[in-house]
Every structure is written in structure tokens, then in C-alpha cells.
Amino acid sequence: MSTHAAARVAAPTRREQILREAARLFAERGFHGVGVDEIGAAVGISGPGLYRHFPGKDAMLAELLVGISERLLEGGRLRVTEDEARGDGSPEALLDALIEGHIDFALDDRPLITLHDRELDRLRDTDRKRVRRLQREYVEVWVGVVRALYPSLPENRARVTVHAVFGLLNSTPHLARPDALPGRAATAALLHRLARGAFAAAEPS
């Protein structure tokens, strides 16, 4: 079983359960619209019991937004490392792997996209800067792979296109209700084709 598959099937810890429910509630009702007691009730513990895991809602929000930025960067770097270790990889296959990994995030962690859009400015300055730094590094992982596949694509144009593709993939919270999408596999395949099409369209003619 791969590292990614093992991570998906591992039972969530209580801390992870709290973060998942906090993300869902914050995305649905806004950070200030959710109390500690409500988060506790969602995971079956008292509100005060949450303080054994987190000092407060601000800490939950910071761990959610910093944590997902770290995981995206680590996942991107891992795919690059695995491709290099094989020795026979191709930039096209690696780009496909990066797209697939980001689509998994965009479909499975939709509340975190909403949180980032709405609540990033609520983080402490140090945490917000950390999120931005991690995101810049993640973009550069993609830029390197894209330019390996499309050598004639200037660096600044590749970077703009990566940001545009992220905007496309991260639109999932705004597409429709989850039950109104055409199914996870079909949605993932469509997003993948659109992303590849955007990169191909960016190549100078």
C-alpha cells in the first residue's frame, strides 16, 4: 500500500476529528458564527474538553490553514522525489500526478478552500506569512514541472498559468452542492482535462 493510500485509510485521531468538524462548521457558518461548544458537540465531547487539545478556536484555524499548506507542499515534493527516484519518469506523468494530488484536495477538503478564502486574514501575522511562504514554495514545485514539460514556456508565464489552474481546481466549493456534481470520478476527470488544457494553451504558439 502506498503512503498516500495508508494515510487515507488510517483512523482519524480525536485531534483530527476536531479539526475536520471545525473546518466544516467554520466553512458553513463563519469563524465567528461557531462556538467551542458546537465543535465539541460535533465530535461528542464537551466544549471545555476541547481545551485539552487546542487552546481555542484561533489555534484550530491556524492549524487547519498552516497544516493544509504544509501537506500540499509535502505531497508535491514527494511526487517529484518519487519521480526522480524511478529514473525513467516523464514531466508529463509528473504533472499528471501533481494535478491528481491537488484534485484530491479540491474534492475532499472543500471546507479548507472556503476557510482560506474567508478567514486567512484572521490568522496571526506569523501564521499568515507562513501560509503564504508555503504556498509560494508549492507554486514553484509546479512551475519547475510545467517548464520541464513545456520548455518554451517563460517562467513568469508558467507561474501565472499555475495560479490560474489553482483557481480552476479550487473552485470546487462554488460549483454546486456536493450531491449535484456529476460524481467524484467524473468531476476529477473533468478537472484534470481542464487543467491540462490550460497548461497546453499557455504554451507559446
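**Briefing: a pocket, two helix pairs and two annotated spans**

The second largest pocket has a volume of about 460 Å³. A pocket here is an open set of points on a 1 Å grid over the protein atoms alone, where a 1.4 Å probe fits, with protein on both sides within 12 Å along at least five of seven lines. The volume is the space filled by probe spheres set on the points. This is a predicted model, in which local features need pLDDT of at least 70, side-chain atom pairs count only at pLDDT 80 or more, and totals for chains, interfaces and linings use all residues. Residues are numbered from 1 along each chain, and side-chain values use heavy atoms, without hydrogens and water.

**Pocket lining**

- The lining of this pocket consists of 22 residues (each with an atom within 4 Å of a point), and His102, His116, Gln135, Phe166 and Asn170 lie nearest the centre.
- H4 (57-86), H5 (91-108), H6 (110-119), H7 (125-149) and H8 (155-169) each supply at least two lining residues; helices are DSSP runs (H or I, at least four residues) numbered from the N terminus.
- H7 gives the most, with seven residues.
- The lining has 10 nonpolar, seven polar and five charged residues; Asp, Glu, Lys and Arg count as charged.

**Helix pairs**

- H8 and H10 (residues 184-202) pack at about 160°, with axes 10 Å apart; axes are lines fitted to C-alpha atoms, and angles run from 0 to 180 degrees between N-to-C directions.
- H8 and H10 are therefore roughly antiparallel (over 145 degrees).
- The crossing of H8 and H10 is right-handed, meaning that the near helix is turned clockwise from the far one by less than a right angle.
- H2 (residues 14-29) and H3 (residues 36-43) cross at roughly 125°, and their axes come within 9 Å.
- H2 and H3 are therefore oblique to each other (outside the ranges under 35, 65 to 115 and over 145 degrees).

**Annotated spans**

- An unreviewed UniProt entry gives "domain: HTH tetR-type" for residues 12-72, a span that is 66% helix and 0% strand (strands are E runs of at least two residues).
- UniProt (unreviewed entry) places "DNA-binding region" at residues 35-54; annotations may be inferred rather than shown by experiment.
- Residues 35-54 are 40% helix, with end C-alpha atoms 14 Å apart.
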